[in-house]
Amino acid sequence: MLRWWAAKESAEEGPGKAVSSPGYIPWGNGARINPFTFGMLGALGVLVALLIGAIIGQLGTVLVYVGVALFLSLGLDPIVSRIERRLPRPAAVAVVVGGVLLAFAGVLLAIVPVLVQQITNLVENAPQMVDDIVHSDWYAWLTGQLGTDFDSAISGALDFLQDPTNLGEIGGGIVAVGAGIAGGVTGVIIVLILTLYFMASMRAMKRLAVRFVPAYHRPRFRELLEDVSGAVGRYVIGQVSLALCNGVLSLIFLSIIDAPLPALLALIAFVGSLIPLVGTLSASIIITAVCLVNSPMTALTAGIYYLVYMQVEAYVLSPRIMSRAVAVPGSLVVIAAVGGGALGGILGALVAIPVAASVIIIVQKVVFPAQDMKRLPPGERPLAAETSADEPADGVPSAEA
């Protein structure tokens, strides 16, 4: 087939042209490439792509750390910029980081002693609780239905613990949990260090990003970059403000109704409000379920309170705070949050809304103006030699305009 193609091409070119060597395929503007070489290059391309994918997969955790740190630094950058009006930037960064660390330490000091006290009380009261359960009416009914007693259950638990195989499984699980906790603590430290570096060098990073763009596009790109980073920062501040309102109000209300561990439940409310759409609802369900341990009336009161609060947050607080942060339509907020959660879990849901706001800014400032400049179909546009300086051929103003 290749020989026939070479002979046909030679016949079309005329008798004065030399016949191409068989086994070569025409390529582009007359160049020839060997099929084996073509296949080898394709296979090497596939291998390189697989290698790059494997490297990205191995660096997935590191990329998540970098992304979270960059997200937090963009969120804290507006606060740093305000403080920078009175202090140098390194001092402003130190003030912001110190404030965040003090707030985190305050939360730990408010929760850890309470948890230690509750665990101590649980250990001290465990024998009495077991005795009350054994002598309760429902326990007697349960043992009568199942035909067993508490002693046999205890002996079965002891037999399970005395089995070396089971002990190995329990020990492996404890080691895995400990490794997970250690990895989480390490990740938090890495994110904090990266956030500190990113905040300190945010302007240098932006200048470096602008250098990758051609000089005639840099002013517009710089403006676009500032708008995108500002949208991300306003979103983070707005979401944290909503979460802080929920946490403070929850702490006050739960303390009034004498709920168990009000500081810990308020922290759950704060963290839940950071997650768009479902975070507040999920935290409210958890808090109501914990209040059920105290009494059904406490749980009912907490449930009614959070139903009212979610309405106030949805129709009063969120529109007033988030409308100034990011101008994203409600339908796009839902789509972005659901899509981000499906792709990246909680982190994906957190990042999805500022990403959607950034896309909207790019569309409004890049795509729409470029389309508005195209007033004629491509076939009816004047040639470059016939166009004036005020009306360029490609519909885009020149650098001098």
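**Entry 1: the loop between H9 and H10**

I started at Asp-258, which sits in the loop between H9 and H10. This is a predicted model, so I read every value here as a computed one. Buried or exposed, I wondered, for Asp-258? Asp-258 is exposed, because its relative accessible area is 57% and the cut-off for exposed is over 50%. Its backbone caught my eye too: phi is positive, about 60°, although Asp-258 is not a glycine. I noted that down since most residues other than glycine have a negative phi.

**Entry 2: H9 against H10**

Next I looked at the two helices on either side of that loop. For a helix pair I want two numbers, the angle between the axes and the distance between them. The axes of H9 and H10 cross at roughly 155° and come within 8 Å. That makes H9 roughly antiparallel to H10, as angles over 145 degrees count that way. I logged the crossing of H9 past H10 as right-handed.

Which residues make the contact? On the H9 side I listed Gln-239, Val-240, Ala-243, Leu-244, Asn-246, Gly-247, Ser-250, Leu-251, Leu-254 and Ser-255. H10 answers with Pro-262, Ala-263, Leu-265, Ala-266, Ala-269, Phe-270 and Ser-273. Sorted by class, the H9 and H10 contact holds 11 nonpolar and 6 polar residues, with no charged ones.

**Entry 3: the core**

Leu-254 and Leu-265 turned up again when I pulled the largest nonpolar core. This core has 13 residues, and those with the most contacts inside it are Leu-254, Ile-257, Ala-259, Leu-265, Ile-287, Cys-291 and Tyr-306. Which helices supply at least two residues each? I found H9 (218-256), H10 (262-273), H11 (279-294) and H12 (296-325). H12 gives the most, with 5 residues.

I then picked Cys-291 and asked what it touches beyond four places in sequence. The list runs Leu-254, Ala-259, Pro-260, Leu-265, Thr-298, Ala-299 and Ala-302. Apart from this core lies another, of 7 residues, and among them are Phe-71, Leu-74, Val-236 and Ile-353. Grouping of this sort fits the habit of soluble globular proteins, where nonpolar side chains tend to be buried together.

**Entry 4: H8 against H9**

H9 has a packing partner in H8 (residues 202-211) as well, so I ran that pair. The angle is about 140° and the axes are 10 Å apart. H8 and H9 are therefore oblique to each other: roughly antiparallel would need an angle over 145 degrees. H8 passes H9 in a right-handed crossing.

From H8 the contact uses Lys-206, Ala-209, Val-210 and Arg-211. From H9 I have Arg-218, Phe-221, Arg-222, Leu-225, Glu-226 and Ser-229. How many residues of each class does that give? I get 4 nonpolar, 1 polar and 5 charged in the H8 and H9 contact.

**Entry 5: Lys-206**

Lys-206 is in helix H8, and I gave it a closer look. Its relative accessibility is 13%, so Lys-206 counts as buried, the limit being under 20%. Leaving out neighbours within four places in sequence, I see Lys-206 in contact with Asp-77, Leu-225, Glu-226 and Ser-229.

**Entry 6: whole-chain totals**

I closed with the overall figures. The protein has 13 helices and 2 strands. Buried residues make up 23% of its 401 residues. What share of contacts between residues at least 6 apart in sequence joins residues at least 24 apart? I wrote down 58%.

Definitions and conventions:
Residues are numbered from 1 along each chain as its sequence is written. This is a predicted model: local features need pLDDT of at least 70, side-chain atom pairs count only at pLDDT 80 or more; totals for chains, interfaces and linings use all residues. Side-chain values use heavy atoms; hydrogens and water are left out. A nonpolar core is a set of buried Ala, Val, Leu, Ile, Met, Phe, Trp, Tyr and Cys residues joined through side-chain atoms within 4.5 Å. Buried means under 20% relative accessible area, exposed over 50%, partly exposed in between (1.4 Å probe, protein chains only). Helices (H or I, at least four residues) and strands (E, at least two) are DSSP runs, numbered from the N terminus. Contact means heavy atoms within 4.5 Å. Axes are lines fitted to C-alpha atoms, for helices over the stretch in contact, and angles run from 0 to 180 degrees between N-to-C directions. Angles under 35 degrees count as roughly parallel, over 145 as roughly antiparallel, 65 to 115 as roughly perpendicular and the rest as oblique. A crossing is left-handed if the near helix is turned anticlockwise from the far one by less than a right angle, and right-handed if clockwise. Ala, Val, Leu, Ile, Met, Phe, Trp, Tyr, Cys and Pro count as nonpolar, Asp, Glu, Lys and Arg as charged, and the others, Gly among them, as polar.
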